[in-house]
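Biologist: I am new to this structure and would like a close look at a single part of it. Could you take me through that part slowly, and explain each term as it comes up?

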Amino acid sequence: MNAYGRQLLTSLRFLFFATLLLGLAYPALVFGVGQLAAPAQANGSIITVSGQPAGSSLLAQPVTGDGYFYPRPSAVGWDPSQSSASNLGPNQPALVAAIAKNRAAVAAREQVPPASVPMDAVTASGSGLDPDISPAYAALQVPRVARASGLGEAAVKALVAEHTSNGFLAFLGQPAVNTTTLNAALATLRAGH
């Protein structure tokens, strides 16, 4: 066999073993570790309502109507394939106008003065899909959700408290309320109510 043939055979052997190692063994190992260490996260953090998949706890869901908690505005129209921020700076007229418009809409919906609307209620997150809101924004929505759902403010406040991350689970010690899991719990509670 000449030098060219030996090099070709060596290349084919390398391709075969690299394909086995990097194309099959490594992905299987990563998949197995993910399934053992964090199965819910490895499978998309899917939440269910009445036994049916209702979304991922990692992504905000668009909300209409008064019976559920609204997440932050989305810069990408709730499309996960387009995840991104608006890329507008704090002094750009388009962002200033959007904040004013969102503040007026939230104030009207929640029947509060515009000055009491928290900043996360009027600005999108960096991904445009963040399901977390501040406890202040959740508290602002409790009376509306309680009226619309017929569950009463005490029950709705208890649900908010259950879905508020605190301590170690809170990013840098800041509590947050996951609107996707909160709304799924609301739907489940309303179905049994």
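Modeller: Two strands are said to pair if DSSP finds at least two bridges between them, and helices (H or I, at least four residues) and strands (E, at least two) are DSSP runs, numbered from the N terminus. This is a predicted model, in which local features need pLDDT of at least 70 and side-chain atom pairs count only at pLDDT 80 or more, whereas totals for chains, interfaces and linings use all residues. Residues are numbered from 1 along each chain as its sequence is written, and side-chain values use heavy atoms, with hydrogens and water left out.

Let me begin with the hairpin and the loops beside it. Strands β1 and β2 form a hairpin with 2 residues between them, and S50 in the turn has a positive phi of about 55°. Strand β1 (residues 46–49) runs antiparallel to β2, and 4 bridges join the two; V49, for example, has Q52 of β2 as its bridge partner. In the loop between α2 (39–42) and β1 lies S45, which also has a positive phi of about 55° although it is not a glycine. For background, most residues other than glycine have a negative phi. S45 counts as buried because its relative accessibility is 8% (buried means under 20% relative accessible area, exposed over 50%, partly exposed in between, with a 1.4 Å probe and protein chains only).

On the other side of the hairpin, S57 is found in the loop between β2 (52–56) and α3, and S57 too counts as buried, at 17% relative accessibility. Leaving aside neighbours within four places in sequence, S57 is in contact (heavy atoms within 4.5 Å) with S45, I47, P131, N178, T180 and T181. One of these partners, N178, belongs to strand β5 (residues 176–178), which runs antiparallel to β3 and is joined to it by 2 bridges; there I133 stands opposite V177 in β5. These strands belong to an open sheet of 3 strands with the order β3-β5-β4 and antiparallel pairing, whose edge strands, β3 (132–133) and β4 (164–165), each pair on one side only.

The loop between β2 and α3 also holds G65, which is partly exposed, with a relative accessible area of 36%. G65 and A148 are 83 residues apart in sequence, yet their C-alpha atoms are 8.7 Å apart in space. Apart from neighbours within four places in sequence, G65 is in contact with Y70 and R144.

R144 leads on to the packing of two helices. Helix α3 (residues 93–110) and helix α4 (residues 135–149) pack at an angle of about 40° with their axes 9 Å apart, where axes are lines fitted to C-alpha atoms, for helices over the stretch in contact, and angles run from 0 to 180 degrees between N-to-C directions. That makes α3 oblique to α4, since angles under 35 degrees count as roughly parallel, over 145 as roughly antiparallel, 65 to 115 as roughly perpendicular and the rest as oblique. The contact is made by V106, R109 and E110 of α3 together with Y137, L140, Q141 and R144 of α4.

Y137 appears again in the largest nonpolar core, which has 25 residues, and F69, Y137, V156 and V160 are those with the most contacts inside it. Such a core is a set of buried Ala, Val, Leu, Ile, Met, Phe, Trp, Tyr and Cys residues joined through side-chain atoms within 4.5 Å. Helix α4 gives the most to this core, with 6 residues.
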